[in-house]
Amino acid sequence: MNAKKTKALIIGLFAALGLFAIVMMAIEIGANKEKTANTLFRGGILLATCVIGILKMIGKKSGIRITPEWVSDHFEKELRGAFEGEERKNERGRLLFAAACYAKDENKKAEVHLSRLLPLCQATEDFRSVLLFLALCNADMGYSKLAIGYYRELLRYDPTCSTAWSNLGLLYRKEGKHTDALACYANALESDPENAYAHNNMATAYFSLGEYELALSYAKTALSIKADLFQASNAACLACHLLGRAEEGQKYFRISVTNGADGSELAQTIQNLGGVSAEPARENGIPAPLRDALTDFIRKTSRPFLRACLPAMGTNSKLGGIPVAEVPVDSDGNPMQLLALIDCEELMGLPCFPKKGFLQFFIADTPLYGADFDHPTVQKNFRVTYHNSSVEQLQGISQPAPSPQFPIKGRFYLQYALSVAPMNDEDYRFEAQMNQCLKAHGLPDFDQLEGDQQEYLRGAVHSEGHRLGGYPHFTQEDPRRNAEYQRYDTLLLQIDTHDLQNDVKIMIGDEGVMNFFIPSENLRRLDFSDILYWWDCH
């Protein structure tokens, strides 16, 4: 029996006992009026006990007395480092009081105190704690938009806060934005791989998308971290049912009920789903171990990225157009052309990327677009610059118009969409990563599989289009096969050919793609002096 049902049962028993006391007093007074005072005294004590019991249960949260010590212990992770030091003792006390209000479901009261604390925040830890509880309070009160805003602001201060990413994903999922939710959960797991709730959230998101193998895999991982998380065993049970694995589903059903799930409700959900397997048609004839290996591969390699969509309005990020800071010159002394400007304040979902300032990508206006394929890391005819200031405060810099050969045929503003995807078969690490998953399921290496099985694995994901982060797309091959370039492990920017119905906006050679890579440690330091620039085409 779960806590809510236990609480309701106890309240019901107190109510029944109180009613019994009233009835017995009435009967006894009617039978013997001389003892009315004694009867009222005894019955009153019993009735008062029942009323007090009911009031205590109504005001009780999981049978726990909310004290400052309990708050510090229960929310240790959420409060860690906030308002530390003797001189900030008062602010720390106010934060603990607000957290206690939240724990007692006094969300409005907590929000008032947190809002007053927000201007007093100084350190990252201060902002993280105050913004986190503001988001939690608003989410509980049903103000999802406000909660999302607070989580987004929090993640600008601490982009590695796993709890914030996971909770933000839940809010996006409520709005039906399943891809955004998945990317948030992926960030949560990248920050904290042992976050059982993030694994469970991944499971429920993939379940909603009909990816039952992935849902089952994430649910199992959540249970391996937190064995009593019945929400995860619920997801595993339902996924098994839809995959036609009734016996395995019964195992997870028993786990759920043992850990407090409502068995009748779960059974009704199974009945409502029906017994039809929902495996995609493309998997017909594919051995189960191969499907399982692919599921593991997707789980282990999935990374969030930002899809850059054009054209957009009301943004500063753009492809082509006029630069807003100094223009570098190429090896012949000619001004380079602006390829892209990225306003980092518009980026959300890539923890290692800058949270403010802007990046500018320049290339020489030459037939090779400033690339040197023998020395692709030498910024001689291309340049990436970073400025820690606001784009809106700067004026455009005049420069000659680009030639007809320049790949960007105009100026196109960008809007970003958070997404998540696993490694594709064009990445030089694909076979090594896939072989690990194949081996774990007793299968031969990728190059020893039959042709249709290889195609099944290759066709699982694609990475075309404009993007920041994630995995790159190539029309030829990954230049990082060369061991010298393998430290460039992060895709900074990808620009793809954009030619729809003869409306040519971007043409890179013969329908090619352009990539900029950076070592992850350099990106964290905001050091853009070491970049690998490459493009190829058909």
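Here are four short exercises on the predicted model above, each with a worked solution.

Residues are numbered from 1 along each chain as its sequence is written. Because the model is predicted, local features need pLDDT of at least 70 and side-chain atom pairs count only at pLDDT 80 or more, while totals for chains, interfaces and linings use all residues; side-chain values use heavy atoms, with hydrogens and water left out.

**Exercise 1. Helix α11**

Work out how many residues of α11 are buried, and what covers them.

Step 1: Find the helix. Helices are DSSP runs (H or I, at least four residues), strands are DSSP runs too (E, at least two), and both are numbered from the N terminus. Helix α11 covers residues 196-208.

Step 2: Check the length. The 13 residues of α11 reach 19 Å from first C-alpha to last, close to the expected 18 Å. The expected span is 1.5 Å times one less than the number of residues.

Step 3: Look at burial. Buried means under 20% relative accessible area, exposed over 50%, and partly exposed in between (1.4 Å probe, protein chains only). In α11, 11 of the 13 residues are buried, among them H199, N200 and N201.

Step 4: Find the cover. The elements over these buried residues include α9 (162-174), α10 (178-191), α12 (212-225) and α16.

Step 5: Inspect the two ends. At the start of α11, a side-chain oxygen of N195 comes to within 3.1 Å of the backbone nitrogen of Y197. After α11 comes G210, with a positive phi near 80°.

**Exercise 2. Two cavities**

Decide which residues line the second largest cavity, and of what class they are.

Step 1: Know the rule. On a 1 Å grid over the protein atoms alone, a cavity is a set of points where a 1.4 Å probe fits but cannot get out; lining residues have an atom within 4 Å of a point. A volume is the space filled by probe spheres set on the points, which are joined across faces, edges and corners.

Step 2: Count. There are 2 cavities of 30 Å³ or more. The largest has about 70 Å³, and the second largest about 30 Å³.

Step 3: List the lining. L294, F297, I298, P422, M423, F430, M434, L457, A460 and V461 line the second largest cavity. The elements giving two or more residues to this lining are α16 (288-301) and α17 (430-440), and α16 gives the largest share, 3 residues.

Step 4: Sort by class. Ala, Val, Leu, Ile, Met, Phe, Trp, Tyr, Cys and Pro count as nonpolar, Asp, Glu, Lys and Arg as charged, and the others, Gly among them, as polar. The second largest cavity has 10 nonpolar, no polar and no charged lining residues. For the largest cavity, the lining has 7 nonpolar, 1 polar and 2 charged.

**Exercise 3. Positive phi**

Is Y369 buried or exposed?

Step 1: Place the residue. Y369 sits in the loop between β4 (358-363) and β5 (382-387).

Step 2: Read its angle. Phi of Y369 is positive, near 55°, though the residue is not glycine.

Step 3: Check the area. With 7% relative accessible area, Y369 is buried.

**Exercise 4. Around R92**

Which residues does R92 contact, leaving aside neighbours within four places in sequence?

Step 1: R92 belongs to helix α5 (residues 89-103) and, at 23% relative accessibility, is partly exposed.

Step 2: Contact means heavy atoms within 4.5 Å. R92 contacts L79, A82 and F83.

Step 3: The backbone oxygen of A82 lies 2.9 Å from a polar atom of the R92 side chain.

How values were computed. 1 Å grid on protein atoms, 1.4 Å probe; cavity = no way out; pocket = protein on both sides within 12 Å on 5 of 7 lines; lining within 4 Å. Polar contact = N/O pair within 3.5 Å; in protein donor to acceptor, adjacent residues only side chain to side chain.
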